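Subject: Structure handover

Hello,

Here is the structure I promised to pass on. Please open it first, then read my notes below.

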Amino acid sequence: PRRYTKNTEGCVVMTNDLLEIFDQRVKDQKSIAIISEDGIPHVDKKTMSALLAQIFQWRNSWKYSDIERYLNFYHEDFKRFDGSGIDSFSKMKRRIFSRDEDKKILFKDLMVVPYPDEKYDQMFRVSYYQIYETENHKFRGNKEVYLTFEDGKMKILVER
């Protein structure tokens, strides 16, 4: 409510009755809340379909060690969870892909959500449970990437 906006410093303010309704709607669900002054970002079916297809093309290029195609899915502004940029990330991935190992890469519970951003026209948060297995390395856990989708192309900005 507008009457509570003084001194909130970016926090979301709700009356208790609205907070209880919100809590009931998201209770025990994998939910996120997007708050934007411009309303809910709209994504048309064509864009969402193309984006989902490219997410799986990215995964397949990774699975089959197609390094050039794989790196083409990353934005020049890319940052990894450890703060490294695209150059050091590319070098590391080239070393790993050169092993040409058999890989099992599965995504479960994939969720794609429009993500409001001032810099990029279309930005998305993609979260999933990842199963990654090679002879030498196994990982199972939650992952998320933030990406932009411009001119029909997916470009990963952040990976965690």
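Ile21 is partly exposed, because its relative accessibility is 43%. This residue sits in helix α1, which covers residues 16–26. Ile21 also belongs to a nonpolar patch on the surface. The other members are Val12, Met14, Leu18, Leu19 and Phe22. Together the patch residues have about 500 Å² of accessible area. Bear in mind that this is a predicted model.

Next, the salt bridges. The count comes to 6. Here are some of the pairs.

Arg80 and Asp82 meet through their side chains, at 3.9 Å from N to O. The cut-off for a salt bridge is 4 Å, so the pair counts. Are the two partners buried or exposed? Arg80 is buried, with a relative accessible area of 18%. Asp82 is partly exposed, with a relative accessible area of 46%.

Glu133 and Arg140 form another salt bridge. Their N to O distance is 2.7 Å.

Glu144 and Arg160 make a salt bridge as well, at 3.7 Å from N to O. Glu144 lies in strand β4 (residues 138–150), and Arg160 lies in the segment after β5 (153–159), so this pair ties together parts that are 16 residues apart in sequence. Glu144 counts as buried because its relative accessibility is 15%. Arg160 is partly exposed, with a relative accessible area of 48%. Which residues are joined into one network by salt bridges that share partners? They are Arg125, Glu144 and Arg160.

Now look at Lys103. This residue is in the loop between α4 (86–97) and β2 (104–114). Lys103 is buried, yet it has no salt bridge. Why not? The nearest side chain of opposite charge is that of Asp100, and it is 5.7 Å away. A salt bridge needs a side-chain nitrogen within 4 Å of a carboxyl oxygen, so Asp100 does not qualify. Lys103 does have a polar contact, though: its side chain joins that of Ser65 at 2.4 Å. What else does Lys103 touch, leaving out residues up to four places away in sequence? Ser65 appears again, along with Trp62, Lys63, Tyr132, Glu133 and Thr134. Glu133 is the residue already met in the salt bridge with Arg140.

Phe73 is worth a stop too. Its place is the loop between α3 (67–71) and β1 (74–80). Phe73 counts as buried, because its relative accessibility is 7%. Which residues does Phe73 contact, leaving aside neighbours within four places in sequence? Gln54, Gln57, Trp58 and Ser61 are among them. Met154, Lys155 and Ile156 are also in contact with Phe73. Then there is Ile55, 18 residues from Phe73 in sequence. The C-alpha atoms of Phe73 and Ile55 are 8.9 Å apart in space.

Last, Ser88. This residue is in helix α4. Ser88 counts as partly exposed, because its relative accessibility is 39%. Where does its side chain reach? The Ser88 side chain reaches the backbone oxygen of Gly85, at 3.4 Å.

To find your way around, try this order. Start with the patch that includes Ile21. Go on to the network of Arg125, Glu144 and Arg160. Then turn to Lys103 and its polar contact with Ser65. Finish with Phe73 and the residues it contacts, including Trp58 and Met154.

Best wishes

Definitions and conventions:
Residues are numbered from 1 along each chain as its sequence is written. This is a predicted model: local features need pLDDT of at least 70, side-chain atom pairs count only at pLDDT 80 or more; totals for chains, interfaces and linings use all residues. Side-chain values use heavy atoms; hydrogens and water are left out. Helices (H or I, at least four residues) and strands (E, at least two) are DSSP runs, numbered from the N terminus. Buried means under 20% relative accessible area, exposed over 50%, partly exposed in between (1.4 Å probe, protein chains only). Lys and Arg count as positive and Asp and Glu as negative; His and the chain ends are not counted. A polar contact is a pair of N or O atoms within 3.5 Å; within protein, one must be able to donate a hydrogen and the other to accept it, and residues adjacent in sequence count only if both atoms are side-chain atoms. Contact means heavy atoms within 4.5 Å. Patches are made of residues with over 30% relative accessible area and no salt bridge: like charges are joined within 9 Å, nonpolar side chains (Val, Leu, Ile, Met, Phe, Trp, Tyr) within 5 Å. Accessible areas come from the Shrake-Rupley method with a 1.4 Å probe; for residues, only the protein chains shown count as cover.
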